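Good morning, everyone, and thank you for making the time. I would like to walk you through one protein chain, going slowly from the whole down to single residues, and I ask you to keep the picture in view while I talk.

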Amino acid sequence: MTGGGVIQSIDYAAVAAPLVLALVAGLVLLLDAFLPARPGGARVLGLVTLGGMVAALAVVAVQAAGGGTRRTFCVPASLGGASATIRAAPASCSFVADRFSLVIAAVVLAAGVVVVLLSMTEIATGRDGGPAERGRIPAGEWYFLLLATLTGAVLLPASRDLIMLVVSLELVSLPVFALTALRRHDGRAAEAALKLFLVSVVSTAVTLFGVSLLYGVTGSVHLDRIDAALRTAGDMTGGTGDMARVTVVAIVLVAAGFAFKIAAVPFHFWAGDVYRGAPVPVAALLSVVSKASGFAGLILLLTYALPGKAALWAPGVAVVAALTMTAGNVLAMRQRGAVRLLAWSSVAQSGYILAPLAVYAVAPRTAVGASVAYLVFYAAMNLIAFAVVLLVARLPGGQDLEAYRGLALRSPAAGLSLAFALVCLAGLPPGLAGLFAKIVVFRAVVDGGLGWLALVMAANTVAGLYYYIAWTARLFAPPAAGESRTVPTRAAAGVAVAVTVAVTVVFSVAPQVVLSVSG
């Protein structure tokens, strides 16, 4: 203590990954401003961005290999809360690089690498597949905003106080509005950005209201101290009274705010239009990076700040999970466009990721491990699908599912990669990664005693087979008369497909790797 203030030592090794991303974002802005305008300038910026992503991913890998937990931005327990229980607790930290945060950071950074590769293809062409100034995307702004989003996505799973959690969540969300509308003169993209902005503003307001109530009830912003304060208050009041009712409202509001971010029912209505209007790399970003960040924040709040209230929030999570997977599958069945189908499929997959959290009160480690493991598998599968969709979308009429008829015969690499992704998402052999992911979730739910939720999941898995198999069948169907177009591939998109297929195959062969680090 000095002059009434607190001097905090900063562990720069703990914050190295987001720090690398932030520095590279600044470098991209400088390069964009001072590099002479030339045809290869966008590629240079893309390669610099890609290098930053790989460097940050290497930092995360080194931290994971080193084991242990790194903490920084810590305050002594004597400074927080009036409760004797809190004063007796160890120091609370705002940033914690533990196993959970490193797994989520690795997922979003690996997804970021793929999104950058897809972006290099998207920026090089207009929407119609050829160079077009009206369809051009400014590369410097694009890569800067992408790096800003990923910085927030890496910070968020390591956040351990309410302020840092909300700030990180907004750092993930705000740049995506601009990314969605960054293609000039595209009315559909502008409409998608406006819808996403309105939804995000509402979700942020709801989340902040819930967070303010939690702070008012507990007198602390640190997640571990919130849990301790709520347990102490429950012991003193017996779980009744005005404070208990305020706590219930706070939990509902915070959960609702994050439900917007992950497109869970009843806050899923924005997904179809936003995914369809956004550039395909942004749709991939929303479906993987934003979703992973939203789930990370929700898991942190429920399992770090509110584990003592699991009996209160777990039934609600179970109902939302069941409704989300059902609504997503029903809406996906009706789609005739590839991106909109993937959008509603993504909503359905959110239900599967949520389901294990409903048994947290019974099996905490199994619940979180199953959710994170399914999230990892889902991310790899979805990225493959979006990479191929980006390539096909460059053909005239490529947004429609009929454009995929005979794709495996016309362009075997793209067609077989997409077929593999769809089979994995359906959970059918030979897509062992998806099959294993679903088994892990089913086992967690059944062992937790929620048989009815397992039955709902089984019914929805069968429903999902309808559109996944129908799309896969199109890939191997004879092409339409006179249809002989091959997919115009680019090296960056090809590498993206190859990387995600390789990762998925590794997970299929050794799925225990993911489960061991996330459980």
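I will begin with the chain as a whole, go on to three pairs of helices, and end with a few single residues.

Please keep in mind throughout that what you see is a predicted model. The chain has 519 residues, and buried residues make up 59% of them. Its secondary structure comes to 20 helices and two strands, so that is the vocabulary I will be using, with helices and strands numbered from the N terminus. If we take the contacts in the chain with a separation of 6 or more, residues 24 or more positions apart account for 80% of them.

Let us turn to the helix pairs, starting with helix 5, residues 139-155, and helix 6, residues 162-180, whose axes come within 8 Å and cross at roughly 155°. Because angles over 145 degrees count as roughly antiparallel, helix 5 is roughly antiparallel to helix 6. The crossing of these two helices, 5 and 6, is left-handed. On the side of helix 5 the contact includes Trp142, Leu145, Leu146 and Ala148, and on the side of helix 6 it includes Met164, Ser168, Leu171 and Val172. Sorted by class, the contact of helix 5 with helix 6 has 13 nonpolar and four polar residues, and no charged ones.

The second pair is helix 12, residues 310-333, with helix 18, residues 451-476, and here the axes are 9 Å apart and the packing angle is about 15°. Are helix 12 and helix 18 roughly parallel or roughly antiparallel to each other? Since angles under 35 degrees count as roughly parallel, the answer is that helix 12 and helix 18 are roughly parallel. Their crossing, that of helix 12 and helix 18, is left-handed. Among the residues that meet are Ala318, Val319, Ala322 and Met325 in helix 12, and Trp452, Leu453, Val456 and Met457 in helix 18. The contact of helix 12 with helix 18 divides into 13 nonpolar residues, four polar residues and no charged residues.

The third pair is helix 11, residues 280-305, and helix 13, residues 338-354, whose axes come within 12 Å and cross at roughly 30°. Helix 11 and helix 13 are therefore roughly parallel to each other, and helix 11 passes helix 13 in a right-handed crossing. Here the residues are few enough to name: Ser287, Lys291, Phe295 and Leu298 in helix 11 meet Ser346, Ser350, Ile353 and Leu354 in helix 13. By class, the contact of helix 11 with helix 13 has four nonpolar residues, three polar residues and one charged residue.

Now for the single residues, beginning with Leu196, which is found in helix 7, residues 187-218. Leu196 has a relative accessible area of 7%, and is therefore buried. Which residues is Leu196 in contact with, leaving aside its neighbours within four places in sequence? They are Val176, Phe177, Thr180, Trp270, Val274 and Leu286. Of these, Thr180 is 16 residues from Leu196 in sequence, and the two are 8.7 Å apart in space, C-alpha to C-alpha.

Next comes Ser417, in helix 16, residues 412-426. Its relative accessibility is 13%, so Ser417 counts as buried. A polar atom of the Ser417 side chain lies 2.8 Å from the backbone oxygen of Ala413.

I will finish with the backbone, and with a reminder that most residues other than glycine have a negative phi, and most peptide bonds are trans. Phe73, in strand 1, residues 70-75, has a positive phi, near 55°. At 26% relative accessibility, Phe73 counts as partly exposed. Ala263, too, has a positive phi, near 60°, and Ala263 is found in the loop between helix 9 and helix 10. With a relative accessible area of 3%, Ala263 is buried. Pro266 is also found in the loop between helix 9, 242-261, and helix 10, 271-277, and the peptide bond from Val265 to Pro266 is cis, with omega near 5°.

That is where I will stop, and I am happy to go back to any part of the picture.

Terms used
Residues numbered from 1 in each chain as written. Predicted model: local features only at pLDDT ≥ 70, side-chain atom pairs only at ≥ 80, totals over all residues. Heavy atoms only, no water. Axes fitted to C-alpha atoms, helices over the stretch in contact; angles between N-to-C directions. Helix = DSSP H or I, 4+ residues; strand = E, 2+ residues; numbered from the N terminus. Parallel < 35°, antiparallel > 145°, perpendicular 65-115°, else oblique. Left-handed = near helix turned anticlockwise from the far one by under 90°. Contact = heavy atoms within 4.5 Å. Nonpolar A, V, L, I, M, F, W, Y, C, P; charged D, E, K, R; others polar. Buried < 20%, exposed > 50% of the residue type's maximum accessible area, 1.4 Å probe, protein only. Polar contact = N/O pair within 3.5 Å; in protein donor to acceptor, adjacent residues only side chain to side chain.
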